Amino acid sequence: MFFGVFQKRFFNRYPLLIVWVALILFASSISKAERLPIKTYTVADGLLRDSVAKIKQDSRGFLWFCTAEGISRFDGAAITNFTVADGLPSRFVEDFLETKNGTIYIATGKGLARLNPHGLRTSKENPLFTTFLPDNPQAEGISILFEDKNNQVWVGTNDGLYKLSSAGGQIRFEVVPLGKPLDTGGAIAEPSPNALSINAILEDRHGTLWIGTFGGGLFRLSPDGIVRRLTNAGGFGDNKITDLLEGRDGQIWVSLRSDESGGVCLLDAAAAEQSIEKCYRTKDGLPANWVRDMLETSDGQLWLATARGLCRWQVEAGAPVCQTYTAKNDLCDDVFALAEDKDGNLWTGSPCGAKKIARYGFTTYDEADGLERAEVSSIFADSAGDLFVSSNYQASVISRFDGSKFSLVKPILPGYVDYHGWGWQQTVWQDRRGAWWIPTGYGLFRSPDNTSFENLARAPLEKIKTGAKALEVFRLFEDSRGDIWISTINAASELLRWERAKNVWHDYTSQVGFSFSRVGSAFVEDRNGNVWIGASSDHHDSALIRYRNGEFRVLPQAAGSPSGWIRDLFVDSRGRLWIASTNNGLWRLDDPNADQFEFKKYTPANGLTSVSTASVTEDEFGRIYVGTWRGID
């Protein structure tokens, strides 16, 4: 069930944030154990092999997984496999390419295979695959395929770079001279046409082709035909290039394979000879210096596949850092390949199979991540935008999320406070002056103004004399004037407001008709300064209340208020009031300042999953999310 609700300001900072009890944020650090929204595919799901070396998506949305047993195609529901039994020339599949005209090529350890879309697995006359081999036997091991802007297909092999040409349905490999391998001081055999193992190919926005080799450094093929080479002598820590990436800002990234001097390097785009601007290694926060693959996703995030986990590259305070995900996060400690599908989901290939990290999925946090307990009842942000969490288990323990971990603070309450109430959502609060308000089963406590989270554990707490008959504070709400509203429960159900300007508590219980069965369950303020209160009851006594210009208007259930419990009130970016109730679905009031209330009602007849709703919020795109007893709408 949904007990916590975010206001829109949370989505401005965390745009994909939805709350579901202990499901909070999508962020991580290497020392934490968050469970990411991951779906894993292995041999148990039909993959040819758990170890996935590369992942590509075709124009129809199918995902192709390259393995050492052949290639697997995933259509979103089932996996179809292609092996040497189906005509592949080798079980070692290194890469997949669908050209702009729809031709599908598969790079294998023994030649290039072209898929015949009308071929048959068992037919010799109409085979599923046709194999093409370069004239150079040492180049039969094909490692990478690439198509440039002019529809030219480039083939990187274990022994040089080639271009494909086609005539009469036949494929020919044209060698592209790059140069001899570097002299490392040992004996070097007579080179074949290229004598370079090609690992990566990239065409930048200027039409320049970049070729990454294994041991030979980086080559730059200009549109004018000039070839330049960049090696460790020019700033690389190692000559074993694993991948190349052009960021959306036009910068060229190079990843390297070396336990000591690898990492990722950024080229200096302004330099005439294209020198190295900066290299980042483990000393700069990378989990490993062996970086296998790089990917910039559609949201501009840079991801690195390393030999010690998946790195989400971020820049904080001007310095880059890696937030690393490993087996602790349901991934794999060694990541081979990265891909993003058309729905924005991130895929990893590794020895642990193919793993999909859902873009809009949930990341789960619990005690292992620093929470007191995973019974989250209240999530809120202070005026600075810091995120805080408290729980029904022990409301006096407050957790703060700093983007990578939770830290806990336990305020000093009297020893007799052994019950912290059972309210949800609007409970613990830090007001605009930095004072912390802590409701308990034994009354309301407050810290001095300007009490930081770090100092809260040492701050003296004052028990507030509210004048309420009941000690248990069920809800607490601060309005735009800085006034504090509370509803109480158990010995009596009351509604009170602390008027900050006069330091006076006002008791409105009789004015709004609160009784033992009618409880203040939700508060919100609209853009006109009206305070709305949901008064809930199990005995057909619910009410919707508006406080405007010092006067209350009570709309009881008999006059049109939702029945059951009003679990949430929310004002969206257009100023509309949304009402979630346990019995009547979701209601909307477009003009909360009007004298007449005209509600738009949503129920299962309108597509709502359940008639029982518990929370409402909005993301930064204006989309409304509804927490129901059957999930999220």
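**Notes on the disulfides, core, sheet and aromatics**

1. Starting with the cysteines: counted along the chain, the bonded ones pair up as 1-2, 3-4, 5-6. The count comes to three disulfides. Bear in mind as you read on that this is a predicted model.

2. The pair Cys-265 and Cys-279 has its sulfur atoms 2.0 Å apart. This link joins distant parts of the chain, with Cys-265 in strand E20 and Cys-279 in strand E21, 14 residues apart. The S-S torsion is about 105°, so this disulfide is right-handed. Cys-265 is buried at 0% relative accessibility, and Cys-279 is buried too, at 10%.

3. Next along is Cys-311 with Cys-322, where the S to S distance is 1.8 Å. Here the torsion about the S-S bond is -75°, and the link is left-handed. Cys-311 sits in strand E24 (residues 309-316) and Cys-322 in strand E25 (residues 319-325), so the bond ties together parts that are 11 residues apart in sequence. Cys-311 is buried, with a relative accessible area of 0%; Cys-322 has 16% and still counts as buried, since the cut-off for that label is under 20%.

4. The remaining pair to go through is Cys-332 with Cys-352, S to S 2.0 Å. A torsion of about 60° about the S-S bond makes this disulfide right-handed. Both ends are in loops: Cys-332 in the one between E25 and strand E26 (337-340), Cys-352 in the one between strand E27 (346-350) and strand E28 (353-357), 20 residues apart. Cys-332 is buried, at 7% relative accessible area, whereas Cys-352 comes out as partly exposed at 29%.

5. One more cysteine to note while we're at it: Cys-66 has 0% relative accessibility and counts as buried.

6. On to the packing. Which residues have the most contacts inside the largest nonpolar core? They are Trp-210, Leu-218, Phe-236, Leu-244, Val-254, Leu-267 and Ile-276, out of 15 residues in that core. At least two core residues come from each of strand E14 (198-203), strand E18 (241-246), strand E19 (252-256), strand E20 (263-267) and strand E21 (276-280). E19 gives the most, with three. E20 and E21 may ring a bell, as they also hold Cys-265 and Cys-279 respectively.

7. Now for a sheet further along. Four strands, in the order E29-E30-E31-E32, make an open antiparallel sheet. The edges are taken by strand E29 (376-381) and strand E32 (406-409); each has a single partner strand, so one side of each lacks a neighbour in the sheet. On average, neighbouring strands here are turned by 25° against each other, direction ignored. If you want a place to look at the pairing, try E31 (residues 398-401) against E32: they pair in the antiparallel sense over four bridges, and Arg-400 stands opposite Ser-407 in E32.

8. Aromatics next, with 34 aromatic pairs in the structure. Phe-388 and Phe-453 have ring centres 5.5 Å apart and planes at 50°, so they count as a tilted pair. Phe-388 belongs to strand E30 (residues 387-391), while Phe-453 is in the loop between strand E35 (443-446) and strand E36 (462-464), so the pair brings together parts that are 65 residues apart in sequence. Both of these phenylalanines, Phe-388 and Phe-453, are buried. Since E30 is one of the four strands of the sheet in the previous point, that makes a handy way to find Phe-388 on screen.

9. Tyr-547 and Phe-552 are another tilted pair, because their planes are at 45°, with ring centres 4.7 Å apart. Tyr-547 and Phe-552 are both buried. They are also members of one aromatic cluster, together with Phe-477, Trp-485, Tyr-508 and Phe-523.

10. Finally, Leu-589, in strand E47 (residues 586-589). Buried or exposed? Leu-589 counts as buried, at 1% relative accessibility. Which residues is Leu-589 in contact with, leaving aside neighbours within four places in sequence? The list runs Trp-532, Arg-576, Leu-577, Phe-597, Glu-598 and Phe-599. As for Val-571, it is 18 residues from Leu-589 in sequence and 9.4 Å away in space, C-alpha to C-alpha.

Terms used
Residues are numbered from 1 along each chain as its sequence is written. This is a predicted model: local features need pLDDT of at least 70, side-chain atom pairs count only at pLDDT 80 or more; totals for chains, interfaces and linings use all residues. Side-chain values use heavy atoms; hydrogens and water are left out. Two strands pair if DSSP finds at least two bridges between them. Axes are lines fitted to C-alpha atoms, for helices over the stretch in contact, and angles run from 0 to 180 degrees between N-to-C directions. A nonpolar core is a set of buried Ala, Val, Leu, Ile, Met, Phe, Trp, Tyr and Cys residues joined through side-chain atoms within 4.5 Å. Buried means under 20% relative accessible area, exposed over 50%, partly exposed in between (1.4 Å probe, protein chains only). Contact means heavy atoms within 4.5 Å. A disulfide is a pair of cysteine sulfur atoms within 2.5 Å. Rings of Phe, Tyr and Trp (its six-membered ring) pair if their centres lie within 6.5 Å; planes under 30 degrees apart count as stacked, over 60 as edge-to-face and the rest as tilted.
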